[in-house]
Each structure stands twice: as structure tokens, then as C-alpha cells.
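Please examine the model shown below. The paragraphs after it lead through its helices, its charged pairs, its surface and its backbone.

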Amino acid sequence: MTSPERGQWGTKLGFILAAAGSAIGLGNIWRFPTTVGQNGGAAFVLIYVASVFIISLSIMIAEFAIGRHAQKNPVGAFNSIAPGTLWKYVGLLGVVTGWAITSYYSVVAGWTLGYFFKTATGQFSGMVTSDEITEVFVSFAADPLNVIGLHALFIILTMAILLAGVKAGIERWSKILMPILLLLLVLLVVRSVTLPGASEGLSFYLEPDWSKVSMRNVIAAMGQAFFSLSLGMGTMITYGSYLSRKENLVSSAGWVCTLDTGIAFLAGLAIFPALFTVPGLEPTVGAGLIFVVLPNVFNQIPLGDLFGTGFFLLLTIAALTSSISILIVPVAYFEDEKGWSKRKAVLVSGAVAFLLGIPSALSVGGVEWLTDLVSIEGRTYGFLDMMNLMFGQYSLMTGSFLVALFVGWKWGVAGARTEIEQGNPAFKSRAIFAFLIRFLCPLAIALLLAYLLFYDPNAFA
Ligand code: TRP
């Protein structure tokens, strides 16, 4: 039964765009190119796409089904399908992960916001060498007041939208802004692939070299897919809980995965050809990649400042439609399960994420010991890297693994199928879905997690 007071998405398109709005964000435009760069290029891209459609798509359908069936936040949802069991802790893991991911996501979104101000005031125009542009990023990211201020601004924006009531807002904005972002990205791709010398980057990105593929690449691909598709911490359970029984979960999930992967692919196509035309830049530079490559591209475009300004603005907005979908998980938990007012839930959750983000903000050159926090088998991790590793990777993999176990073995495919068949009576892929969610997904994730924990802790590096 649907409780009318929960409110619902307006239309199927509205839901798909809202879920795509959650999925499409820094994960696609910042983290995907960074990860591709560190994992050797084209072969990784193919492994990534396979991992999206073989593993992640099933997890997304499962999360939608749990959410729509229970019509509740993740903790409440596990509790109502499996009352009195430990499964509610999967929901709680999502609450904690939501705080943690918001905290560093907001730091990177703050950089984006900072780059919006920089391009808007023409700070890159006239810079001719890539060293100058790299230096701008290095000193920008290391300036404590700057990065903490921007992080605070971004969290405040996220909290303001959550307070104003999410659903109508997200749905309306996603419909307008996603297509504009897509358009700008396409223009950027056109410029990038027509730069003199683009072919080197194109072959890095599009011509797979299978001889260099390792288990590390497979793990990184799976982790990136969960992050980019907002899986493993309850975001999609929450979004599914606002979806009407008339809609088709399978095709909606298919659309979200396709749109998200398409945008990530375009982002790579904009970055890599340009990257290889800049002397001295390596694909492996890490977190600063897009902030170093893109200003170089904008400088080679007529009206580049205007273009760059628009791009960083839209990227900030894409990051906002994602960050609200992360922080909404703790917020909905305190509202529904603890009876807090929305105001209190948003203020407390936002404050926790802000405070937790401060060490991340200071860990990219700002404070030395946070920048070189730990060293695992010779590889140094800063605080932000550590947060990303623990929550953006391990926790999402664990959460996705448990969602698969829950749907495959606890709730059971029969129960999930009944839910999925509402709005999709034929459900043609039910046998495949049952196989994937019961066997392939949990086994594959468990194997990769075990490899990571016991064999190669630097697999994500
Ligand atoms: N998927 C978003 C991005 O690519 C980030 C995000 C939103 C997320 N909700 C999430 C990541 C839940 C992990 C879990 O930017």
C-alpha cells in the first residue's frame, strides 16, 4: 500500500532523471577520468562497462525493489521486510557512510565551486604553460581558509535544498540542468578530440591493451561503478521508496545505468585527448586531473572563460543533486526512525558532515601530516584518500554485497519478483536477475573484497 503523505515522483521520466541526477555527479566527471588514468585506459573502460551492466544493474534493481516495497528509509525498509533481525544494521552502515561520503564529496565539490569563481573572473586567461595551471591547483588546494570556506558553502547549499523539500525541487532541476550539462560536455568533447595531437589520448582511452590488465583493474572498476551509480548505501532504496507501483523498475534502472555510463564515457573523451596534448601531464596525476586538464582546454576555445564558467557551474549543480541524495540517507533515518524534525535532522547531519570534512579539506597539501597520513606497502594516502578508500570503496562494496544477499536469500527472489512485476508484469529477465542477485553478484563482490583485504590492499591506489 502506498501512503499518500510520503509523496511520489511525478512521472517515470521525472524519477529516472532524479535518480540519474543522483548518479551523475563528481563520480562521472572527476572520479571516473581519474580512475581510468590510474588504471591504464581503454581496457579498464571496457571492464567498467561490463561491471555496470552485469553486477551494478542488478544491485540497482534490488535497491529500487526494497525501497518501493517498504516505502521507507533504508533502516526502516530492512526492518519492515525482515523485522527483528540484524539486517537493519545494513541500513545503519548506510547512514554512517552517508555522513562520511558527504564530508569529502563536499570538499571536491568545493574545489569545483572555487574553479567556477576562478574561471568567471578570468584567472586562467593568458596562462600559456601547463605548469602555471598546475601550480594554480596545487596552491589552491593547499590554502586552508579557501578550501574550508568552499566546503562550508557547498554543505550549506546541500542543507538548504534538503530543508526546502527535495522531491519537487530535484525533479524540476534535474529536468532542466542535466540536458544542458550533456550539451556542454559534447561541445567539450568536440574541441578535445580535434586538438592537434589528440590521437595519442584517443588511443589511450579507446584502444585496449589487454596485456596490462590485472585484478586491480577489475576491483577498481567495480568500486567505481558502485560509487558512480549511487549504490551500496541506501540512496537508491530511498529514491525507490518515492516511486509509484505503476512504474517499471527494470527499465528505469536500465536507463539510469545507461545515462550515467554515457556521461562518464563522454567525460573521459573530453579529458584524455586534451591531456596528452599538454606537455608534462601524466594520466596518473590523481585527484587534481580535471582541474589541471580542463583549464588548458578552455584556454584553447573561443570564449573559453565563458565556457569554463558554465561548465564548472553545471558541474557544481550536478554535484549538488548528488550530495543531497547522499545526505538524505542519514536525514531520512533521523526523521523517520528517531522522530526528529526535518530541521533538526538536516542541521545535525550537515554539521557532522562539515566537521568530518575539515581534515579531508586540509589533506591535499594544506597540512603535511594529513597529506601523508598513512603508508600502506609503500603507497602514501592522505586523509581524503583514506575516507574515499574506506567509505567510497570498502563500505559501498560491503553494502552492495549485503543488498544482494538480502534480496537473493533473505527476502527471497520470489518476494522481490512480486514487487518488480508491479509495473512490469512480464518481467522477462526474471531468471537472469535471480541468477545474478543470488549467485554472481555476491560471489564476485566477496571474491574481490577478499582479494583486496588479504592480498592487495593497494588495489584501489
Ligand atoms: N553517484 C554520485 C556521483 O557519481 C555520488 C553519490 C550519490 C553516491 N549518492 C551516492 C555515491 C551514494 C555512493 C553512494 O557523483
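Helices (H or I, at least four residues) and strands (E, at least two) are DSSP runs, numbered from the N terminus. The structure is a predicted model, in which local features need pLDDT of at least 70 and side-chain atom pairs count only at pLDDT 80 or more, whereas totals for chains, interfaces and linings use all residues. Residues are numbered from 1 along each chain as its sequence is written, and side-chain values use heavy atoms, with hydrogens and water left out.

T261 is a convenient place to begin, and it lies in helix α12. Its relative accessible area is 10%, and T261 is therefore buried; the term buried means under 20% relative accessible area, exposed means over 50%, and partly exposed lies in between (1.4 Å probe, protein chains only). Apart from neighbours within four places in sequence, T261 is in contact with Y48, V49, V52 and F53, where contact means heavy atoms within 4.5 Å.

Helix α2 comprises residues 26–38. How does its span compare with the expected one? At 1.5 Å a residue, the 13 residues of α2 should span 18 Å, and the end C-alpha atoms are 17 Å apart, which agrees. The expected span is 1.5 Å times one less than the number of residues in the helix. There is nevertheless a bend of about 35 degrees in α2 at F32, and a proline, P33, follows within four residues. The bend at a residue is the angle between axes fitted to the seven residues ending there and the seven starting there. Of the 13 residues of α2, 12 are buried, so the helix is largely enclosed by the rest of the structure. Among these buried residues are W30, R31, F32 and P33. Just after α2, G40 adopts a positive phi of about 90 degrees.

The charged pairs come next. Side chains of opposite charge can pair when their charged atoms come close. The criterion for a salt bridge is a side-chain nitrogen of Lys or Arg within 4 Å of a carboxyl oxygen of Asp or Glu. Over the whole structure, a search finds four salt bridges. In one of them, the side chains of E419 and R68 meet with an N to O distance of 2.7 Å. E419 belongs to helix α17 (residues 383–421) and R68 to helix α3 (residues 42–70), so this pair ties together parts that are 351 residues apart in sequence. E419 counts as buried at 2% relative accessibility, and R68 is likewise buried, at 0%.

E419 also has a salt bridge with R245, the closest N and O atoms being 3.0 Å apart. R245 is in the loop between α11 (235–240) and α12 (249–277), while E419 is in helix α17, so the pair ties together parts that are 174 residues apart in sequence. At 18% relative accessibility, R245 counts as buried. R68, R245 and E419 are thus linked in a network of salt bridges.

Another salt bridge joins K212 and D209, whose closest N and O atoms are 3.1 Å apart. Here K212 is exposed, with a relative accessible area of 65%, and D209 is partly exposed at 35%.

On the surface, I54, W409, F435, F439 and L440 make a nonpolar patch of about 480 Å². Patches consist of residues with over 30% relative accessible area and no salt bridge, with like charges joined within 9 Å and nonpolar side chains (Val, Leu, Ile, Met, Phe, Trp, Tyr) within 5 Å. The accessible areas come from the Shrake-Rupley method with a 1.4 Å probe, and for residues only the protein chains shown count as cover. Helix α18 (residues 430–454) supplies the largest share of this patch, three residues. W409 lies in helix α17 and is partly exposed, with a relative accessible area of 47%.

I432 also lies in helix α18 and is exposed, with a relative accessible area of 53%. I432 and G339 are 93 residues apart in sequence and 40 Å apart in space, C-alpha to C-alpha.

Two loop positions complete the account. Most residues other than glycine have a negative phi. S230, however, has a positive phi near 60 degrees; S230 is in the loop between α10 (215–228) and α11 and is buried at 12% relative accessibility. L303, which is not a glycine, has a positive phi of about 60 degrees. L303 is found in the loop between α13 (289–298) and α14 (304–338), and its relative accessible area of 65% makes it exposed.
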